[in-house]
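Here is a short tour to read alongside your sequence and structure. Have the viewer open and follow along at your own pace.

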Amino acid sequence: MNTLTQFSGEVTWRELLSSDEIRAWAVDRKTPIRLGRKRLTSELAYPGVYRFIFPEKVDGSAKHTPFYVGEGGDVGKRLRAHFAPSSDEEKRDAKGAVILDAGWQVRGSIQNSHGKFSLQILNIEGSFNLCGVILNQHSFDDPFARKLLENWAILSSERLDKLHKLNRGISASNKNFARSIQAASRERQRAQ
């Protein structure tokens, strides 16, 4: 007879940087010491899932609080990319439409907030069962589990916390996967 193992764990968000560190980084462009590029290793050079929560926006009679969830094998490196200044050069396609860099919505929100936002990291105490997958703090080391946790964090933030997501479309890795499936399908059709 199979016995069900009980897992007890808690998934929480904890503040990653203080409001002073965030304000200095976003406004004055002073990278926090823990994220410094000149250091051989950053205190935040570990895999994880992070979340930005920006100030409430008011559009007429509607209000919403925007958020962005991301993941990375090196959280510090990913965050430095979000805080990097945008290119002043405007890019356009053949039809004249503006081409926006990847991640424009979160970089723009960081710049427009003047450093008044929250930056959090997902933390798992113990272990828990998510649709048959057992996850714990070591799950962040696995890129597939980390992607699962990122997607869970997006849904949880949107549905439970009632926040408005800035995440758009599918990720580059999912686009590459879709392209490989399409290429394999074309190869099968040619072989027939």
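## Serine 113

Let's begin with one residue: is serine 113 buried or exposed? Serine 113 counts as buried, because its relative accessibility is 9% and the cut-off for buried is under 20%. Please keep in mind as you look around that this is a predicted model.

Serine 113 sits in helix H3, which covers residues 104-113. Leaving aside residues up to four places away in sequence, serine 113 is in contact with Phe54 and Pro55.

## Strand S8 and its partners

Now turn to strand S8, residues 118-130. Of its 13 residues, 10 are buried, so S8 is largely enclosed by the rest of the structure.

Which strands pair with S8? Strand S1 (residues 9-15) does so in the antiparallel sense, over seven bridges. To find this pairing in your viewer, look for tryptophan 13, which stands opposite leucine 122 in S8. Strand S2 (residues 48-53) also runs antiparallel to S8, and four bridges join the two. Here a handy landmark is arginine 51, with glutamine 120 of S8 opposite.

Strand S9 (residues 133-136) is another antiparallel partner, joined to S8 by four bridges. One bridge links serine 127 to asparagine 136 in S9. S8 and S9 form a hairpin with two residues between them. In that turn, cysteine 131 has a positive phi of about 55°.

## The nonpolar cores

Next, the packing of nonpolar side chains. The largest nonpolar core has 19 residues, and the ones that touch the most other members are Phe52, Leu79, Ile110, Phe117 and Leu119. Which elements each supply at least two residues of this core? They are helix H1 (19-28), S2, helix H2 (75-83), H3 and S8. H3, you may recall, is the helix that holds serine 113.

Phenylalanine 52 is a good place to center your view. Not counting residues up to four places away in sequence, phenylalanine 52 touches Pro66, Phe67, Tyr68, Leu79, His82, Phe83, Val106, Ile110, Phe117, Ser118 and Leu119.

There is also a second, separate core, made up of 15 residues. Among them are Leu122, Phe128, Phe140 and Leu149. You have met Leu122 already: it is the S8 residue opposite tryptophan 13.

Methods:
Residues numbered from 1 in each chain as written. Predicted model: local features only at pLDDT ≥ 70, side-chain atom pairs only at ≥ 80, totals over all residues. Heavy atoms only, no water. Buried < 20%, exposed > 50% of the residue type's maximum accessible area, 1.4 Å probe, protein only. Contact = heavy atoms within 4.5 Å. Pairing = 2+ DSSP bridges. Core = buried A, V, L, I, M, F, W, Y, C linked by side-chain atoms within 4.5 Å.
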